[in-house]
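Okay, everyone, thanks for making time. I'll walk you through one structure today, piece by piece, so have it up on your screen and follow along.

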Amino acid sequence: MSTDREAVFAALFAGRTDAYGTENGRCARMPFDPALLARRHLDGTELVGIYPMVHLDNGWHVHWGCVDFDVQTKGKPSWDYEDEQAAHTAAVDLQTVLASRGITSWVEQTRSHGRHVWVFATQWIPARIMRRALLVACTVAQVSTREINPKQEDLPDTGSLGNYVRLPYAHSTDRPMLDGDTPILVDDFLSRALTGRTTFSLLNSIANLYVPPKPVTQPKPTFTPNGSSAPRELNALGRALWQNGPFDGDRSRGMFALAGYARRSGLSPSEVYDVLKTCPWSKFQGRHDEDRRIQQIVERIWQ
């Protein structure tokens with residue numbers, strides 16, 4: 001039987017209940033009881049993440065949003081800030097902007113010493129509204145928009161999962177929410193977060209300020225890869241990723257990492273588009289929305 005703590009935790013971090021993310025970056029595709037999974041996470045039996053996007057009658061909805069600020073670590077292909085202090089400063093700046101519009105948010109110390117900024121809603125709201133509201137707030141705060149969850153406004157079909165976010169309070173104490181630099185105890189966070197959830201009207205008022213980025217026009221490809229040879233314009237890490245694929249098998253993250261390498265190699269948006277379009281392990285090959293999905297990655301890398 002679940003406790004009040006587990007039930008509240010599950011309610012705050014509500015999402016799909018037919019699949020969840022694992023600590024090692026994989027997907028466990030199976031039905032689960034949210035409160036029981038919350039118990040396993042909080043007692044450390046199994047650390048998990050939740051897929052936020054749920055398809056209701058009128059489209060894709062979420063119950064929370066999360067902005068992820070990664071810090072530079074060895075082997076990480078892309079990041080937002082060079083160190084933990086810079087990530088924390090960005091998180092507090094975003095939290096301040098959100099608070100100025102009446103939105104309560106929570107800063108989490110992540111497992112890689114980056115920061116998550118969480119916003120919880122009082123009801124299921126369109127993923128489009130949550131994502132655009134956070135994009136606007138990040139833009140005003142002048143912080144990174146590289147990784148805003150939900151990462152999509154919609155998904156191709158109801159079987160698609162999107163991306164999951166690892167939950168805070170692993171073992172009930174690790175990855176805590178912070179009050180300044182001070183960790184907040186899990187029970188204190190739960191009681192405060194439950195009463196501090198944000199209404200649809202508040203989020204919608206900010207989302208309405210969103211201005212879509214101008215589309216990137218795509219000229220004809222500037223290179224044609226030969227066989228398994230990666231584009232010579234990429235740096236060494238980018239060429240290795242293009243040839244061999246992501247080491248953890250996650251092609252979604254791999255595509256964004258490849259785009260990041262391509263931009264840091266000095267390629268233009270159209271050239272980055274070409275790199276992704278010709279990538280031999282691209283997850284979008286043959287799909288009807290291939291061009292649109294690649295375009296979205298390119299636009300996000302330049303945001």
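Before we look at any helices, one bit of vocabulary: a helix axis here is a line fitted to C-alpha atoms over the stretch in contact, and the angle between two axes runs from 0 to 180 degrees, taken between N-to-C directions. When two helices pack together, people describe the pair by the angle between their axes and the distance between the axes. And please keep in mind that what you're looking at is a predicted model.

So, find helix α8, residues 251–264, and then helix α9, residues 269–277. Their axes are 9 Å apart, and the packing angle is about 140 degrees. What do we call that? The cut-off for roughly antiparallel is over 145 degrees, and angles outside the parallel, antiparallel and perpendicular ranges count as oblique. That's why α8 is oblique to α9. As for handedness, this crossing is right-handed.

Which residues make the contact? On the α8 side you have M255, L258, A259, A262 and R263, and on the α9 side V272, V275 and L276. Sort them by type and you get seven nonpolar, no polar and one charged.

While we're in this area, look at I301, which sits in helix α10, residues 290–301. Leaving out residues up to four places away in sequence, I301 touches F256, A259, G260 and R263. Is I301 buried or exposed? Its relative accessibility is 13%, so I301 counts as buried. The C-alpha atom of I301 is 9.5 Å from that of A257, with the two positions 44 residues apart along the chain.

Okay, on to the strands. As a reminder, strands of a sheet pair through backbone hydrogen bonds, either parallel or antiparallel.

Start with β5, residues 59–69. Eleven of its eleven residues are buried, so β5 is largely enclosed by the rest of the structure. Who does β5 pair with? One partner is β4, residues 54–56, running antiparallel over three bridges. A hairpin of two residues takes you from β4 to β5, and V54 stands opposite H61.

Another partner of β5 is β7, antiparallel again, this time with eight bridges. To find your way along that pairing, H61 is opposite P126, and G65 has V119 as its bridge partner. β5 also has two antiparallel bridges to β8, residues 148–149, where C66 faces N149.

Now β7 itself, residues 115–126. Nine of its twelve residues are buried, so β7 is largely enclosed as well. β7 pairs with β6, residues 106–109, in the antiparallel sense over four bridges, and Q109 is matched with R115. Five residues lie between the strands in the hairpin of β6 and β7, and one of them, H113, takes a positive phi near 70 degrees.

There's a separate thing to spot too: an open sheet of four strands, in the order β2-β1-β3-β9, with antiparallel pairing. Which strands stand at the edges? They're β2 (27–28) and β9 (165–166), each with a single partner strand, so one side of each has no neighbour in the sheet. β9 pairs with β3, residues 48–50, over two bridges, and there G49 is partnered with R166.

Just before β3, in the loop that follows α2, you'll find L47. At 15% relative accessibility, L47 counts as buried. Skipping residues up to four places away in sequence, its contacts are G21, T22, E23, H41, A170, H171 and R175.

Last part: backbone oddities. Most residues other than glycine have a negative phi, and most peptide bonds are trans. R175, which we just met touching L47, has a positive phi near 55 degrees. R175 lies in the loop between β9 and β10 and counts as buried, at 10% relative accessibility.

Q142 also has a positive phi, about 60 degrees. Where is Q142? It's in the loop between α4 and β8, and at 74% relative accessibility Q142 counts as exposed.

And then the peptide bond between N149 and P150 is cis, with omega about 10 degrees. P150 is in the loop between β8 and β9, while N149 is the residue that faces C66 of β5.

That's my tour. Thanks, folks!

Conventions:
Residues numbered from 1 in each chain as written. Predicted model: local features only at pLDDT ≥ 70, side-chain atom pairs only at ≥ 80, totals over all residues. Heavy atoms only, no water. Parallel < 35°, antiparallel > 145°, perpendicular 65-115°, else oblique. Left-handed = near helix turned anticlockwise from the far one by under 90°. Contact = heavy atoms within 4.5 Å. Nonpolar A, V, L, I, M, F, W, Y, C, P; charged D, E, K, R; others polar. Pairing = 2+ DSSP bridges. Buried < 20%, exposed > 50% of the residue type's maximum accessible area, 1.4 Å probe, protein only.
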